[in-house]
Amino acid sequence: MSSAHKFIPDPKTVAIVGCPFSGGQHRVGVDEGPIHLVNAGLTNQLTELGWNVQFDGHHQFEEISAASDPPIGKLRNPRLVSKVTEAVAKTVGAYAKKGQLPVTLGGDHSLALGTISGTLSAHPDACVFWIDAHADINTAETTDSGNIHGMPVSFLLGLGPKFAEFAWVKPALKTSRIVYIGLRDIDAGEKRILKENNIKAFSMHEVDKYGIGKVVEMALDHVNPNRNLPIHLSFDVDALDPSVAPSTGTPVRGGLTFREGHYICEALHETGLLVALDLMEVNPSLADAASVKQTVAVGCSLVRAALGETLL
């Protein structure tokens with residue numbers, strides 16, 4: 001069977017990039033997410049979908065140390081986050097340049113600084129679908145917490161103050177090439193940034209109003225009107241309602257249903273344009289065992305949907 005993937009040649013290969021990393025925020029445990037996802041059998045599940053799966057073990061980042069990592073302005077763990085995300089960018093970029101589809105399992109969403117940089121190094125015209133309760137577009141000026149997992153998009157777009165520590169990040173993403181779905185917990189500063197930069201965002205209000213099918217269609221029309229650009233899907237499990245994915249660091253009620261989350265993945269797979277996938281913020285330490293198991297199962301299921309699993 002020939003691949004329906006425009007940018008991934010046969011035999012189609014997925015490269016799993018396990019990133020047990022929690023430095024972009026302050027809660028422990030999110031670094032365990034990737035290990036749980038792989039232990040739940042994700043590699044075998046993708047093999048059964050017809051993918052060659054490359055998994056070289058989790059990136060332990062042991063060689064990256066930032067023992068002395070005082071804040072820069074408000075930024076917490078800036079040197080550690082920069083070094084780790086730069087390593088991730090190189091890894092993801094190398095897989096993408098080989099024509100493989102990198103699936104990065106996080107870890108916290110600061111990792112998208114690396115994954116999207118990596119994708120854009122191989123596919124400079126790629127567009128980004130950011131599925132999240134949060135816009136993650138704070139700058140060093142607007143952030144309250146200083147947690148960099150709330151800031152990767154501003155770095156990728158080149159917004160806000162510049163830091164020598166993040167000089168490796170090229171502002172290669174254009175504001176017209178990112179679209180949000182599922183937003184429902186947005187800081188005042190972020191609302192302003194989204195408006196000022198005319199960034200397309202579909203909050204849960206639009207999902208309620210139009211339905212998920214129409215929202216995905218409108219999102220594609222905005223960032224990928226001719227359906228010919230590569231797509232990077234960055235999916236934070238907290239986009240889902242906490243009743244669906246309870247085991248995450250910053251749950252916000254009123255989120256996407258199980259089916260809405262899966263529909264996004266299925267619809268983007270159907271385009272044949274997907275070149276990279278992130279699944280972020282599964283945190284097994286923040287819930288009871290049953291909730292962890294449920295969240296991990298949903299995470300695996302989302303990845304399968306994005307890589308071609310269908311209901312029929």
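**Reading loops, sites and pockets in a predicted model**

Visitor: In which loop does glycine 107 lie?

Guide: Glycine 107 lies in the loop between S3 and H4. Helices (H or I, at least four residues) and strands (E, at least two) are DSSP runs, numbered from the N terminus. The model is predicted: local features require pLDDT of at least 70 and side-chain atom pairs pLDDT 80 or more, whereas totals for chains, interfaces and linings use all residues. Residues are numbered from 1 along each chain as its sequence is written, and side-chain values use heavy atoms, leaving out hydrogens and water.

Visitor: Which kind of peptide bond joins glycine 106 and glycine 107, cis or trans?

Guide: Most peptide bonds are trans, and most residues other than glycine have a negative phi. Here, glycine 106 and glycine 107 are joined by a cis peptide bond with omega of about 25°. Another cis bond links aspartate 10 to proline 11, with omega of about -10°; proline 11 belongs to the segment before strand S1 (13-19).

Visitor: What is the sign of phi at glutamate 281, and is this residue buried or exposed?

Guide: Glutamate 281 has a positive phi of about 70° although it is not a glycine. Its place is the loop between S8 and helix H10 (289-306). Buried means under 20% relative accessible area, exposed over 50%, and partly exposed in between (1.4 Å probe, protein chains only). Glutamate 281 counts as buried because its relative accessibility is 2%. Arginine 227, likewise not a glycine, has a positive phi of about 55°. Arginine 227 sits in the loop between helix H8 (212-223) and S7 and is partly exposed, with a relative accessible area of 27%.

Visitor: Where does UniProt place the feature "binding site"?

Guide: UniProt positions are given in the numbering used here, feature names are shortened, and annotations may be inferred rather than shown by experiment. The unreviewed UniProt entry places "binding site" at His109, Asp132, His134, Asp136, Asp236 and Asp238. These residues are spread over 130 residues of sequence, yet they cluster in space, the largest C-alpha distance being 12.2 Å. His109, His134, Asp136, Asp236 and Asp238 belong to the lining of the largest pocket.

Visitor: What is histidine 109 in contact with, beyond its neighbours within four places in sequence?

Guide: Contact means heavy atoms within 4.5 Å. Setting aside those neighbours, histidine 109 is in contact with Trp130, Asp132, Asp136, His149, Pro152, Ser234, Asp236, Met280 and Glu281. Histidine 109 lies between strand S3 (101-106) and helix H4 (112-122), in their connecting loop, and is buried because its relative accessible area is 0%.

Visitor: Which side chains make polar contacts with the side chain of histidine 134?

Guide: A polar contact is a pair of N or O atoms within 3.5 Å; within protein, one must be able to donate a hydrogen and the other to accept it, and residues adjacent in sequence count only if both atoms are side-chain atoms. The side chain of histidine 134 makes one such contact with that of aspartate 185, at 3.2 Å, and one with that of aspartate 238, at 3.2 Å. Histidine 134 occupies the loop between strand S4 (127-131) and helix H5 (152-157) and is buried, with a relative accessible area of 13%.

Visitor: What volume does the largest pocket have, and what lines the largest cavity?

Guide: Rolling a probe the size of a water molecule over the atoms shows where empty space is left. On a 1 Å grid over the protein atoms alone, a cavity is a set of points where a 1.4 Å probe fits but cannot get out; a pocket is an open set with protein on both sides within 12 Å along at least five of seven lines; lining residues have an atom within 4 Å of a point. Points are joined across faces, edges and corners, and a volume is the space filled by probe spheres set on them.

The largest pocket has a volume of about 340 Å³. Of its 20 lining residues, His134, Ser145, His149, Gly150 and Thr250 lie nearest its centre. The search finds one cavity of 30 Å³ or more, and the largest cavity holds about 40 Å³. Its lining consists of Thr139, Ala140, Met151, Ser154, Phe155, Leu159, Gly160, Pro161 and Phe163.

Visitor: How many residues of H4 are buried?

Guide: Nine of the 11 residues of H4 are buried. What covers them includes helix H3 (78-97), S3, S4, H5, strand S7 (231-236) and strand S8 (274-280).
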